[in-house]
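Here is a short report on how the parts of one protein meet. Look at the model first, then read on.

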Amino acid sequence: MNNYPLINSETHFDMVIVANGSYPENEVGQTIIRHARHLIACDGAALSLIDHGIRSEQMTVVGDGDSLSAELKTRLNFFHMAEQDDNDLTKATRYATTLPHIQEGSRIAYLGATGKREDHSLTNIALMMRYYSEFHLQPIMITDHGYFIPTQGNSTFKTFARQQVSIFNFGCKQLKSKGLVWDSFAYDALWQGTLNEAQGDEISFLADGPYLVYLTFEGKRKCQSNRQGK
């Protein structure tokens, strides 16, 4: 059984990787970056980090360097990876796996991986499944509104009432749930498992394959009537 806690600004990660998408506006993402003990920037993301007060010596920058000036690269801990078979997020992840403190199952936070071009966002979200299955990591993509966690088999997630949950099936023939407003099943299309809701402090899945779970930071607000006295 895989067990996943709630993600918040105090969650510990073995590595934090920042992509060159939209810089986090949510306090959770910003705090995770500020407190990161090991921080990797995907190429041009180094500029955003510096603009937000992160010192050059606090990060390692991985990529082909095409968005960085020659002068800046001399001040950075820059690891050059010019090949184009993988995108910058995957290059940074591959580099992370070479570090001695990154082991099988290490928890890696990904931030700044969405928010600009939609095809890049979809690619980066889908790559969480690759990093989980091929690199044997525990990646968690954090956005301004919530987080994506790839998993497989039987899994339990800590939640709270009215937390919004979406499930994306990547190969399960069985995908049963407990604790959701609407029971899950082995969805045939990506949209089918979206916009669900946790009923309490835990949801669980009985599954026979891989799937991706998205959970929001805030719960759905109850509708309130604008009419006086209602």
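Nine residues of domain 1 are in contact with eight residues of domain 2 in this predicted model. The domain assignment places domain 1 at residues 9–144 and domain 2 at residues 151–219. Taken over C-alpha atoms, the two domain centres lie 26 Å apart.

Together, domain 1 and domain 2 bury about 650 Å². Carbon and sulfur atoms account for 78% of that area. Which three residues supply the most on the domain 1 side? They are Met129, Tyr132 and Thr143, with 66% of the area that domain 1 buries against domain 2.

What about polar links? Between domain 1 and domain 2, one residue pair is in polar contact, with both residues at pLDDT 80 or more. Salt bridges across this interface number zero.

Helix H5, residues 118–133, gives the largest share of the domain 1 side that touches domain 2. Its contribution is four residues. By class, the domain 1 side breaks down as follows.

| Class of residue on the domain 1 side | Count |
|---|---|
| Nonpolar | six residues |
| Polar | two residues |
| Charged | one residue |

How confident is the predictor, and where does pLDDT stay under 50? The protein averages a pLDDT of 93, and 97% of the residues score at least 70. Residues 224–230 stay under 50. For that stretch, the model has one contact beyond four places in sequence. Predicted coordinates should not be read in detail where pLDDT is low.

To recap the interface: about 650 Å² is buried between domain 1 and domain 2, with zero salt bridges and one residue pair in polar contact.

Methods: Residues are numbered from 1 along each chain as its sequence is written. This is a predicted model: local features need pLDDT of at least 70, side-chain atom pairs count only at pLDDT 80 or more; totals for chains, interfaces and linings use all residues. Side-chain values use heavy atoms; hydrogens and water are left out. Domain bounds come from an automatic or database domain assignment. Contact means heavy atoms within 4.5 Å. Buried area is the accessible area (1.4 Å probe) that two parts lose on being put together, summed over both. A salt bridge is a side-chain nitrogen of Lys or Arg within 4 Å of a carboxyl oxygen of Asp or Glu. A polar contact is a pair of N or O atoms within 3.5 Å; within protein, one must be able to donate a hydrogen and the other to accept it, and residues adjacent in sequence count only if both atoms are side-chain atoms. Helices (H or I, at least four residues) and strands (E, at least two) are DSSP runs, numbered from the N terminus. Ala, Val, Leu, Ile, Met, Phe, Trp, Tyr, Cys and Pro count as nonpolar, Asp, Glu, Lys and Arg as charged, and the others, Gly among them, as polar. pLDDT is the predictor's confidence in each residue, from 0 to 100.
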